[in-house]
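Here is a friendly walk through a protein model, written for someone who thinks at the bench. Have the structure open beside the text as you read.

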Amino acid sequence: MQYPIGKVAKAFGLTKETLRYYERSGVMPSRREENGYRFYEKRQLQNMAVIRRMQNIGFSLKEISALMTDYSGERLFDKLEESIRVKEEELRYQTALLEKLREDTAFLRERGNYDRPFLVELPVRYAFYFDNVEMLVNDKGIREDIIRWYGRMYPALGLETLRWEDISLQTPRRIGLTVDVEGARASGFPVTENIVELPACRAVEMVTIYRQEPEFFLGLEPKFREFAEREGLRYQRDLHLIPNFSYTESDGRMLHIVRIHAPVEE
């Protein structure tokens with residue numbers, strides 16, 4: 001029995017153009033009547049479930065076409081195992097993302113955590129710096145890395161680094177992205193020559209609202225200094241500003257929830 005393209009598309013919840021795309025890809029070629037109308041035979045429609053299932057587990061139409069026209073059991077099972085590995089990696093990433101998001105949401109929602117310095121233990125982290133836009137645009141290696149990193153942005157976080165001695169000056173800050181090593185492994189971040197490893201350390205952390213005010217950084221220093229002196233600690237050179245989320249207030253101002261890390265030592 002023969003089925004016209006319109007009825008087949010309707011039966012499977014597809015468009016005619018999708019079926020034409022299947023045909024161009026070699027997955028499910030149609031037959032033509034003398035008047036040029038496409039039609040399909042029953043055995044072709046029986047393949048539709050297989051085609052859709054293979055798509056859902058990650059096969060491209062090109063791969064499906066190759067497997068269906070040049071069939072090899074070993075080749076099929078190799079591709080299935082490869083698909084399993086890809087899905088497992090994606091599941092690890094999604095699990096890490098959800099866990100990180102859950103932790104951040106619970107912590108940042110609690111207003112008592114804001115504007116109050118406290119001591120934390122930071123794990124080993126990777127930092128990917130692109131010091132300026134010119135470097136990002138002109139350096140091919142950095143450009144390729146940033147595309148891959150932005151593709152896995154969360155649990156990666158934005159990063160701005162400046163030195164304590166420059167806090168009162170209008171000096172450029174290093175900008176980039178950072179992610180802890182565990183998050184990098186779960187998320188498949190590329191570790192390339194452009195990556196800097198930030199060692200595990202103790203740090204004073206403060207969560208605050210950054211309103212992009214000029215005196216913002218000057219106001220940080222007394223709070224951090226008072227806390228460090230009370231704990232018998234001294235700062236290392238760098239201060240790390242990590243934006244978490246942004247939102248707009250009723251007056252139209254864009255505000256940023258940020259974590260600030262100041263590595264310390266005894």
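Which residue lies over the face of Y129? That residue is R174, at 3.8 Å from the ring centre. A charge is taken to sit over a ring if NZ of Lys or CZ of Arg is within 6 Å of the ring centre and within 35 degrees of the ring normal.

A word on the ground rules. This is a predicted model, in which local features need pLDDT of at least 70 and side-chain atom pairs count only at pLDDT 80 or more, while totals for chains, interfaces and linings use all residues. Residues are numbered from 1 along each chain as its sequence is written, and side-chain values use heavy atoms, with hydrogens and water left out.

**The chain as a whole**

The chain holds 10 helices and 12 strands. Its radius of gyration is 27 Å, well over the 18 Å that the globule rule gives for 266 residues, so the chain is more spread out than a compact globule. That radius is taken over C-alpha atoms, and the rule is 2.2 Å times the number of residues to the power 0.38. Helices (H or I, at least four residues) and strands (E, at least two) are DSSP runs, numbered from the N terminus. Along the principal axes, the C-alpha atoms fill a box of roughly 85 × 45 × 40 Å.

Of the 266 residues, 38% count as buried; buried means under 20% relative accessible area, exposed means over 50%, and partly exposed is in between (1.4 Å probe, protein chains only). The chain exposes about 16,300 Å², and carbon and sulfur atoms supply 51% of that area. These areas come from the Shrake-Rupley method with a 1.4 Å probe, and for residues only the protein chains shown count as cover. Among contacts (heavy atoms within 4.5 Å) between residues at least 6 apart in sequence, 67% join residues at least 24 apart.

**Rings and charges**

The structure holds nine aromatic pairs. Rings of Phe, Tyr and Trp (its six-membered ring) pair if their centres lie within 6.5 Å; planes under 30 degrees apart count as stacked, over 60 as edge-to-face and the rest as tilted. One aromatic cluster is formed by F128, W149 and F189. Besides R174 over Y129, the charged end of R111 sits over the ring of Y114, 4.4 Å from its centre.

**Around the loop between α6 and β4**

The loop between α6 (73-109) and β4 (118-122) is home to D115, and N113 is found there too. N113 counts as buried, at 12% relative accessibility. A polar atom of the N113 side chain lies 3.0 Å from the backbone oxygen of F107. Leaving aside neighbours within four places in sequence, N113 is in contact with F107, F118 and V207.

D115 is partly exposed at 41% relative accessibility. What is the phi of D115? Phi of D115 is near 55°, a positive value in a residue other than glycine. For background, most residues other than glycine have a negative phi.

**Helices α5 and α6**

Helix α5 (residues 61-69) includes E63, and K62 is found in α5 as well. K62 is exposed, with a relative accessible area of 70%, whereas E63 is partly exposed at 26%. Not counting residues up to four places away in sequence, E63 touches G58 and K79. K79 lies in helix α6 and, by the same kind of count, touches F59, E63 and L67.

Some C-alpha separations help to place these helices:

| Pair | Apart in sequence | C-alpha distance |
|---|---|---|
| K79 and F59 | 20 residues | 8.4 Å |
| E63 and I195 | 132 residues | 34 Å |
| K62 and I257 | 195 residues | 45 Å |
| E221 and I167 | 54 residues | 8.1 Å |

**E221 and H261**

E221 is in helix α10 (residues 216-231) and is partly exposed, at 25%. Its side chain makes a polar contact with the side chain of R225 (2.4 Å). A polar contact is a pair of N or O atoms within 3.5 Å; within protein, one must be able to donate a hydrogen and the other to accept it, and residues adjacent in sequence count only if both atoms are side-chain atoms. Beyond four places in sequence, E221 is in contact with W164 and I167.

H261 is in strand β12 (residues 254-265). Is H261 buried or exposed? H261 counts as buried, at 8% relative accessibility. The H261 side chain makes a polar contact with the side chain of E205 (2.5 Å). Residues touched by H261, not counting those up to four places away in sequence, include L122, D238 and I242.
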